[in-house]
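Here's a walk through a structure, strand by strand and pocket by pocket. Keep the viewer open while you read.

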Amino acid sequence: MNATQLRLPRLGKLMFVTLLPFLAIACSSDDDDGGGGGGGDPTLDAYALQASGSAEIPSNSSTATAQGSLTLNPDDGAFSGSLTSTGINATAAHIHEAFAGGNGDVIVTLDIAGDQISVPDGTLLNSAQMSALAAGRYYLNIHSAATPAGELRAQLIAGDISLITTALSGAQEVPANASTGTGTGYLTLNQASGELFIALSTNGLSTTVSAAHLHGEHAGRNGGVIVNMTAFDGGDSFALSTAQRDQLLAGGTYLNVHTQGVPAGELRGQVLPAGIDLYINDLTGDQQVPAVTTAATARGAVTVNRNSNSLTAVINTSGLAGTAQLAHVHAGATGVNGSVITQLTQDTGDATIWQVVDTAISAADITAISNGGSYLNVHTSTFAAGELRAQIQ
C-alpha cells in the first residue's frame, strides 16, 4: 500500500452506490413583516443541525448525537442558538472554519452545561465571518475525552448552498476495476453563483495519485474534465457555468482519481445531489425469465432524477451471443416479465453501449424502480426474448 499525497484521513470501506448523508439541514426563517423597519423581528438565517461521528474527518463510529439549531442575524452579526447532546460527555465544543472534508481553526468557543451546548450570549460575527458562514465554510465540532480531535460534527449549510458527499470505488470506473482502494468526495456548491469547493480523501490506492478531476457524464459513461483538482483539502474555488451547475445537479458529473498504476482512473464516484438515485447492476443470462445460458456480460447504470421525473440509463455489454437488437427498462419484479418503461438506443460510435438520456418517466415508474420492481433487458438475434437481464436494485 502506498502513502498517497492526499492529506485527508483514512476511511472505511464504502458501498459504491451509496450517497453518504452529511447530517446538516438548513433553512431560512422570515418574519411576517419581511424584515423591514416596521418593528417586526429581523430576518434570521437558521441552521438546523444534527451532529454525528460519521461527519467527522476522519469519521468515527460514535453512537452519540447532538441536535439543535443556530441562528444568525445578518443585520448586526448576532449569532446564537444551542444543541442538546445525547451519549457524549463533551469536553469542548466549537465552531470551526473549513469546508466539508477538511478541518480548520476555531472561530467560536461554545458553552457546555451538561447536555446543553450553546453559543455564548452576545456573540457577534464580523462581515468576513458572516460571508464564510454563508458560503458553507463553518462547521460545529464537539470534542470528548475519548475523541479529543472531535467526536461529533455537523456542517453549517443554508441558503443556496448544497453539500454533497460521494463514495469512490473502482467498481464505478468504466470499465470497472478490482481496486481495493476507497475514497470520499465532499462537494460544497453555491447553486446561485456556481462556485464549487471540493475536498477529497482516499485510502489504500495501488500507487501514487497522478491527478484528480470532476468529469461531466452520467454513470456508465466516461466524460471530459470540468475541474482539475490541484489540492484536495477543499480550499480551492472553482467557477461552474450555468450548464455545468445544472449538469451536476442532475447527477451528470463524477469525481475520478487517477494513479500512476491506473492512469485512466482507479477510483470513481458519481456526484448525487438530493433527489438523484443511482443503481448499478450486472446483467446476466440466468436472471432472464426463463433463464438462458450465455457467456455474455453487461453492466447497467440507471440514474433516476426524482426532481424532474426523468431517467438516464447506460448498459455496457460484452460477448453477446447474437447481435444486439434492443435494450429496455421494463416494469416487473424479480422472476416476472413486464412491460417496457423506456427503450434504450445503441450508441452510434460503440455498438456495445446502449443508452437513454434524461427521458421522462411517470411517478409510478419511479416508485416501481425504487421498490425493485423494474429491470434492464438486452435482446439479441440469438435470444430475442432477452439474453441479459438485471433487476434494478
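Let's fix one term before anything else: a residue is buried under 20% relative accessible area, exposed over 50%, and partly exposed in between, using a 1.4 Å probe and protein chains only. This is a predicted model, where local features need pLDDT of at least 70, side-chain atom pairs count only at pLDDT 80 or more, and totals for chains, interfaces and linings use all residues. Residues are numbered from 1 along each chain as its sequence is written, and side-chain values use heavy atoms, with hydrogens and water left out.

With that in hand, take Asp282, which is partly exposed at 40% relative accessible area. Its side chain meets that of Arg299 in a salt bridge, 2.8 Å from N to O (a side-chain nitrogen of Lys or Arg within 4 Å of a carboxyl oxygen of Asp or Glu). Arg299 sits in strand E20 and Asp282 in strand E19, so the contact ties together parts 17 residues apart in sequence. Strands here are DSSP runs of E with at least two residues, numbered from the N terminus. Arg299 is partly exposed too, at 26%.

Arg299 also leads us to the second largest pocket, which has about 250 Å³ of space. A pocket is an open set of points on a 1 Å grid over the protein atoms alone, where a 1.4 Å probe fits, with protein on both sides within 12 Å along at least five of seven lines; lining residues have an atom within 4 Å of a point. The volume is the space filled by probe spheres set on the points, which are joined across faces, edges and corners. There are 18 lining residues, and those closest to the centre are Glu173, Val174, Pro175, Arg299 and Asn316. Strand E20 gives the most to this lining, with four residues.

The structure has five salt bridges. One of them joins Arg221 and Asp347 at 3.2 Å, N to O, linking loops 126 residues apart. Asp347 is buried at 16%.

Now move to the hairpin of E3 and E4, which has four residues between its strands, with Gly77 in the turn at a positive phi of about 80 degrees. Nine bridges join these antiparallel strands (strands pair if DSSP finds at least two bridges between them). Thr71 stands opposite Ser80. E4 is also joined to E8 by three bridges, again antiparallel, and there Leu83 stands opposite Ile117.
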